[in-house]
Amino acid sequence: MRAILGVVVLSLGTVGLGYWAQGHNAVRMETMIGEGAAQALGETVHPLEIGVSGRDVHVSGVADNTGEKEHILAALDAVEGRRVVTENLRVLEKVSPFTTQVTKESPDAPLALGGYVPSESARAALGIANGAGSLQLASGAPENWEQLARAGVEVLGFLRKGQMTLADGKLTIVGEAASAEDYAMAEKALSQLPAEMVTQMILKPDRGQSAGWHLEYDAATGATVSGALPAGMNAEALAGALGLDGIAGTPTQIDESGAEDMNFLATLRGWLDRVERLTLDVSPEMREARIEVQGDVDADMLKKELAGSGLATEVSVVTPEGSNGATRVNAASRMTQRYMGGFWLVLPEIRTDRAGCQAAADDVLDRISINFVTASDKLDTGAVRAINELARFMVQCSEETGLKAEIGGHTDNVGDEAANLDLSQRRATAVGRELIARGVAADRLNMRGYGMSKPIADNGTEQGRAKNRRTTVTWTD
């Protein structure tokens, strides 16, 4: 009996040691996997929480973008010994323009903040005790964001009142210095930054004139104004002068300044519905505009007209961001636009039956010619406008009806007949290719070259030959 009891005790002891060893190994495995996960992740833009249960790894927190999220999961997936990786990661929205605004209303007033901050560490680096929490976390900040933001907040400390606007790597400071010494300190702080990244309009204590104002406009989101507006002008009046429903921001006003000539705003208003982005800086010493437009806008004419109004203008042609089929409401025109092959185009109001679609095509081609580089199928620079005009309604006609369109290429009678037929086919194909890139369904288009076979005017005159070199759009059931 005692021998039997001893065997039982020994057996229980062996089982206990097994369970103890197994638990000890589980703890050791968790620790090893946790250390491996931390080492694999290394530096991340935002702090992450890593939890290990047994051999399962869970990560939670914020990823700056989808690329970083994929990197995080791939790094954890490679941890030795892990079994399952689960996640609860929030990917930050990418914003453009990445704008941060800090306003100081008076010497004793707390700073008012608005816009975006790239990380929690960057938020803390601003050194603002209260209010920094109002900035929204987002991705898309330029690399120099923290340097410029900290400098802007530092400069505001030398001002009696003012505003800092940081937009996509460009810092604008407007306001009034409390003393000559403070003005000098603000100037010194700004001088440490690259000159091309900074615009400052700071009123010296003894100048007695407007510090100036700064406006940012985006066709999708509207306008924001900051700084000090002249007598007789406020945000509402400025919005009216530009033809906008409203303008965001809390600009100050210099009541003692003389009224300024704002006639240039009328010229700017006439072009605003064709502008993608605008940055406007106005003070008694300068009037400067930096404008971005799409490729179907006559940038040279825009620059010439604004220069004639006394506004120094820099105009650049850009391809705005978007995806085919996306829509937006243009802040200036208030019209719905659709993204088509690199352009935001207004959706027209037409009758989408055969007669309505044909009338729209004829109207465009009567007003605007689709021209090519001589003896080639390469569209000339002016053809973009005509292609866009066609695409605006052809997308609707191809989507909302069962209609199909033939793109016809035609030449005059100069040269070899076979060569002209080939050239006309290649030109029709080039036009069709551009329309397809803007979202017109490929299976709704047929491209056909007719060469010199269908003249509409006398080939015996230059005027007649010019009319015969044409593109046609014919809708069929």
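In the predicted model, D168 is found in the loop that connects β7 (159–167) with β8 (170–177). Although D168 is not a glycine, its phi is positive, at about 50°. With a relative accessible area of 32%, D168 is partly exposed, since this class covers the range between the 20% limit for buried residues and the 50% limit for exposed ones. R334 likewise has a positive phi, near 65°, and is a residue other than glycine; R334 is located in the loop between β17 (327–329) and β18 (336–340). The relative accessibility of R334 is 40%, and this residue therefore counts as partly exposed. Such backbone features merit mention because most residues other than glycine have a negative phi, and most peptide bonds are trans.

A further backbone feature concerns the peptide bond between S96 and P97, which is cis, with omega about 0°. P97 belongs to the loop between β3 (85–91) and β4 (99–104). The loop that leads from β4 to β5 (112–117) contains E105, a residue that is partly exposed, with a relative accessible area of 40%. In sequence, E105 and P251 are 146 residues apart, whereas their C-alpha atoms are 9.5 Å apart in space. When residues up to four places away in sequence are not counted, E105 touches K161, T250 and T252.

Two packed helices are described by the angle between their axes and the distance between the axes. For helix α6 (residues 235–242) and helix α7 (residues 264–271), the angle is about 55° and the axes are 8 Å apart. The two helices α6 and α7 are therefore oblique to each other, because the angle falls in neither the roughly parallel class (under 35 degrees), nor the roughly perpendicular class (65 to 115), nor the roughly antiparallel class (over 145). On the α6 side the contact is made by L238, G240, A241 and L242, which meet L265, L268 and R269 of α7. By residue class, this contact of α6 with α7 comprises 5 nonpolar residues, 1 polar residue and 1 charged residue.

Towards the C-terminal numbering, an open sheet is formed by 3 strands in the order β21-β20-β22, with mixed pairing. Its edge strands are β21 (445–451) and β22 (470–476), each of which pairs on one side only. From one strand to the next, the twist averages 25°. Strand β20 (residues 404–410) and β21 run parallel and are joined by 6 bridges; within this pair, I407 stands opposite M447 of β21.

Helix α10 (residues 383–400) packs on the sheet, where it touches β20, β21 and β22, and its direction makes about 20° with that of β22. Helix α11 (residues 417–437) also lies across β20, β21 and β22, and runs at about 155° to β21. Helix α9 (residues 354–367) consists of 14 residues, and the distance from its first C-alpha to its last is 20 Å, close to the 20 Å expected at 1.5 Å a residue. The buried residues of α9 are G356, C357, Q358, A360, A361, V364 and L365, and the elements that cover these residues include α10 and β22. Helix α10 and strand β22 thus appear both in the packing of a helix on the sheet and in the cover of the buried residues of α9.

Definitions and conventions
Residues are numbered from 1 along each chain as its sequence is written. This is a predicted model: local features need pLDDT of at least 70, side-chain atom pairs count only at pLDDT 80 or more; totals for chains, interfaces and linings use all residues. Side-chain values use heavy atoms; hydrogens and water are left out. Two strands pair if DSSP finds at least two bridges between them. Helices (H or I, at least four residues) and strands (E, at least two) are DSSP runs, numbered from the N terminus. Axes are lines fitted to C-alpha atoms, for helices over the stretch in contact, and angles run from 0 to 180 degrees between N-to-C directions. Contact means heavy atoms within 4.5 Å. Ala, Val, Leu, Ile, Met, Phe, Trp, Tyr, Cys and Pro count as nonpolar, Asp, Glu, Lys and Arg as charged, and the others, Gly among them, as polar. The expected span of a helix is 1.5 Å times one less than its number of residues. Buried means under 20% relative accessible area, exposed over 50%, partly exposed in between (1.4 Å probe, protein chains only).
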